[in-house]
Amino acid sequence: MSETSEGAPHDVSAVLSNAGLLVAAEPGRALELLERARDPEARFVAAVYRSSVDVHRTLGTGLRRQVLALDAARFGDRELAAWFAAAELPGEAPAAWTADWASGPDRRLLRTLVGHDGPVTAVATALVGGRPVAVSGSRDATVRIWDLATGVPLHDPVTGPADPVSSMTAEVRAVATALADRKPVAFTLYADERVLVRDLATGRAAGECVRFVESTELDGRCVVLTRGGERTLRVWDLLTGRQVGSFPWATGLATLDGRRVVLTVDGLDADRTVRVWDLGSGSELGEFLEVVRTAALDGHLVAFTAEVDRAPRAWDLTTGRPVDIAPGGDPARSEDEDPPAVSTVTVVQGRAVAVGLDHEEPELIGDLAPVRRNGVSVRGQETAVLAGCTVALTAGADGTLRFWDLTTEHHRTEGMRVLHSIAPEGRPPVPAAASARSVDAEEEGPLWRLLSGRENGGSSRGSTVQVGSRAVREEDAVVLTAEKDGTVVVRAANGLPVGRPLTGHTDRVWSMDMTEEQTEGEPGATLAVTTALDQTVRVWDVAAGRQQGSPLTGHTGQVWDVSTTTADGRSVAVTAGADHTLRVWDLADARETGLRGAEHTGSVLAIATAVLDGRSVAVTAGADRTLRTWDLTTGQQAAAPVTDLEGETAAMTTAVVDGRVVVVTAGPGATLRVVDLAGGRDVHEPLLTHHGRVLAIATATLDGHPVAVTAGSDRTAAIWNLATGRQIGEPLTGHTSRVTAVATTVLEGRPVAVTGSWDKTVRLWDLGTGRQIGDPLTGHTDWVTSVATTVVDGRPAAISKSRDKTVRLWDLATMRQTGGAQPSGTDPHGTVAVTVRDGRPVVAVGHGQTVEFWDPTTGREADEQYVLPLPVDLLSTAPCGRLVVAFGPEIAVLRPTAPS
């Protein structure tokens, strides 16, 4: 068997005959080989491999083997999971933990792109040298360009411009791609309203979109005035396209004695200097005078300036003219309730032409007030009209001004908008009708609407596509519009609806795109992909007006943007998520429903275990507001889901009431709900607690009755009879801050509760008397976030985890600390669970994408860490030493495989 220099085998048969070879191969080359194959077995292994390929690149062979086995279990193939788990790797011991089963990922996922350090808020696609790429923008203030075939960045990330005051870099608000003079470029809109242009082939800056101010004649030549970053007013020779003047921080423009002048301010400091410049020569005009006070005279506001070696002067701030004040005729101070905080005046040839205002924009005065045309400030507009075309203006990196034709919206190539530059030919541009609005309006502007078809981060987008089998003419291109009720309407060019609305989202649709379905290069139906504030991504057949398959699942938070393209002859969608990732989806498999049917479509928020009809089950509550019950042996759904939860579940546990298995849930408030797990019905009316917010729940048996112990933000715990729905006794008081964790056990034959609090203590309570047992257990130096109970050497014990990043073991009989550990994870809020291995307690601590295992009695690591493809959110123990792990919207059941 031969191998390449990178360690990847030459053929698929070699890969599929030796698990160790596949595990040890370089991930990119191994996946490339698998995806070239057409054999169903190889394609299935490729689907398993690519589901976590982003993780494989960062792991050694031992952990990569473990992740591949887990992913095979996620895809429902236990034989493949066992094949990976048994892979022999030189220098690696057998895995200590393996997955019995796991809920499945969405098989339409092609790859996950990771690298952003913040939520990804914008994405667009393009073709660069025949390769499909994605351009992503994030709140981490970077723009990244990705090769969709390999999943790796094409260029180094680009950081946004820095704010001149705070020095903070601007976040990315939106991105769009286009072919500009046959070159693929990306337009990036930043939070400071700059639109920068980047060459996608080289990754280098290509220029900046500037706002059109006006065109005029200046010193015998036709010039164009624009405003760009940091409010720089630039003067361009219209015929040559070259810059002939630049005025940073320009705030006003006027005519003074027949000359065009511009008002600027030096930075944004409170004592900033206001200046007036001759637009043609670039020379500064006038003098800058400090205002010592203001006063009222005949209804006019007058400013007094103090000057060295000269008597104070007074200026009428309405006309700009000097005011003569007779001796003894000093006017009174202004009694205006809110007089302008005038700090300076600028005087040109004996006339005040501008004033500086504290913490506000300076203003021109007298007849030099900024001119307004049709109510629109001439300070800047984002588009103009030139030679009958609506154009955008770009200050190129080569120092030239270009005009891009935005008129023909339907002109697209390979899915990208096509822009052509227009030569001025001596014709001055004029304000575009689409720009007739105030520059201070809180919109992203007509330029952005024309480039990407969006407003405020996600609205409607249209393109010239096929609907069904009927070719759409250019004048009949359909457009998707998002309605307030969460529906999407397909509209013709005249705005009239076409077909049925697309219904299914339960909240506002935030972004969308359309594409033509490609299967092995053959065109098919027109598909729309939408994301909404309900955190789902849906695929639609536009002509039929119906959803294709189940929502795309995998992101663990809000999905902010979507863009479509064609890669390897198939239609794909790229989604941008708040979980810092981009995900690439195969739309040809839009009808795929997955192996197990219903899964959580949002992150798992709570886990509990129980025995239902003789079977061990796990109950999970998701951000999708559903409860699901899983058979811990088979991984199949063991009961119908409960779907009518109000709000997201904050805490959950299980109990047996009158022979029925019930689940007790707490939502975002102070109410408990007790639901029959088999029937899905409430046992009684919801219980209204006094906690303000329930933060933790545990169950116990008190005097033969099932009870729940709740802990809350009101610094107390409480006991509830689950059969009657009534509170037992008075609240358990003693903590001095919110109680965040609770667990129960039996001590000397009596039920007790263990609580942890933000007051850094652990306390023990007798549930029969409602009293605290002994003094608080102290030692933690920060909030206690989790508690669990176990048995050590036949004695009841408690485990506590704190934000101080330590785990402590307490003997409940002696009320002393007897052990502890300090996991290496950096997440102070990581989840914790306690299981038993070889008769000894093992603490499992989740942080990031790993689970660490520690022996609390020795403080040493018990087993090698277990790596998950998504962040670990929750851990819970199960019979036979197993662990239930929730990661994102999925769960897995892990079991120990070898002695510790």
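This text walks through two helices, two sheets and the cysteines of one structure. The model is a predicted one.

Start at helix H6, which spans residues 61-74. Glutamine 66 sits in this helix. Is glutamine 66 buried or exposed? Its relative accessibility is 7%, so it counts as buried; the cut-off for buried is under 20%. The side chain of glutamine 66 has a partner far along the chain. It reaches the backbone oxygen of valine 867, at 2.5 Å. Which residues does glutamine 66 touch, once neighbours within four places in sequence are set aside? They are Gln865, Tyr866 and Val867. Keep residue 867 in mind, for strand S68 covers residues 860-867.

Stay in helix H6 and move to alanine 72. Alanine 72 has a relative accessible area of 0%, and therefore it is buried. Again leave out the neighbours within four places in sequence. Alanine 72 is then in contact with Val48, Asp77, Leu80, Ala81 and Phe84. Look at the last of these names. Alanine 72 and phenylalanine 84 are twelve residues apart along the chain, and their C-alpha atoms are separated by 8.2 Å.

Several of those contacts lead to helix H7, residues 78-85. Which residues of H7 are buried? Leu80, Ala81 and Phe84 are. Why do they lie on the same side of H7? They cover an arc of only 105° around the axis, and this puts them on the same side. What do the buried residues of H7 pack against? They pack against helix H2 (19-24), helix H4 (40-50) and H6. The contacts of alanine 72 fit in here, since Leu80, Ala81 and Phe84 are among them. Aspartate 77 is another contact of alanine 72. Aspartate 77 also caps the N-terminal end of H7. One of its side-chain oxygens lies 3.2 Å from the backbone nitrogen of glutamate 79.

Now turn to the sheets. One open sheet has four strands, in the order S61-S62-S63-S64, and its pairing is antiparallel. Strand S61 (784-792) and strand S64 (816-821) are the edge strands, and each pairs on one side only. Neighbouring strands in this sheet are turned by 25° against each other on average, direction ignored. How many bridges join S61 to strand S62, residues 795-802? There are eight, and the two strands run antiparallel. For one example, take valine 792: its bridge partner in S62 is arginine 795.

A further open sheet of four strands has the order S65-S66-S67-S68, and the pairing here is antiparallel too. Which strands stand at the edges? They are strand S65 (832-837) and strand S68 (860-867). Each has a single partner strand, so one side of each has no neighbour in the sheet. On average, neighbouring strands here are turned by 25° against each other, direction ignored. Inside the sheet, strand S66 (residues 840-847) and strand S67 (residues 850-855) pair in the antiparallel sense over five bridges. Glycine 846 gives an example, with valine 851 as its bridge partner in S67. Edge strand S68 ends at residue 867, and valine 867 is the residue whose backbone oxygen glutamine 66 reaches.

Finish with the cysteines. A disulfide is a covalent bond between the sulfur atoms of two cysteines. How many disulfides does a search of the whole structure find? The count is zero. Cysteine 209 counts as buried because its relative accessibility is 8%. Cysteine 880 has a relative accessible area of 71%, so it is exposed.

How values were computed. Residues are numbered from 1 along each chain as its sequence is written. This is a predicted model: local features need pLDDT of at least 70, side-chain atom pairs count only at pLDDT 80 or more; totals for chains, interfaces and linings use all residues. Side-chain values use heavy atoms; hydrogens and water are left out. Buried means under 20% relative accessible area, exposed over 50%, partly exposed in between (1.4 Å probe, protein chains only). A polar contact is a pair of N or O atoms within 3.5 Å; within protein, one must be able to donate a hydrogen and the other to accept it, and residues adjacent in sequence count only if both atoms are side-chain atoms. Contact means heavy atoms within 4.5 Å. A disulfide is a pair of cysteine sulfur atoms within 2.5 Å. Two strands pair if DSSP finds at least two bridges between them. Axes are lines fitted to C-alpha atoms, for helices over the stretch in contact, and angles run from 0 to 180 degrees between N-to-C directions. The arc is that of the directions from the helix axis to the C-beta atoms.
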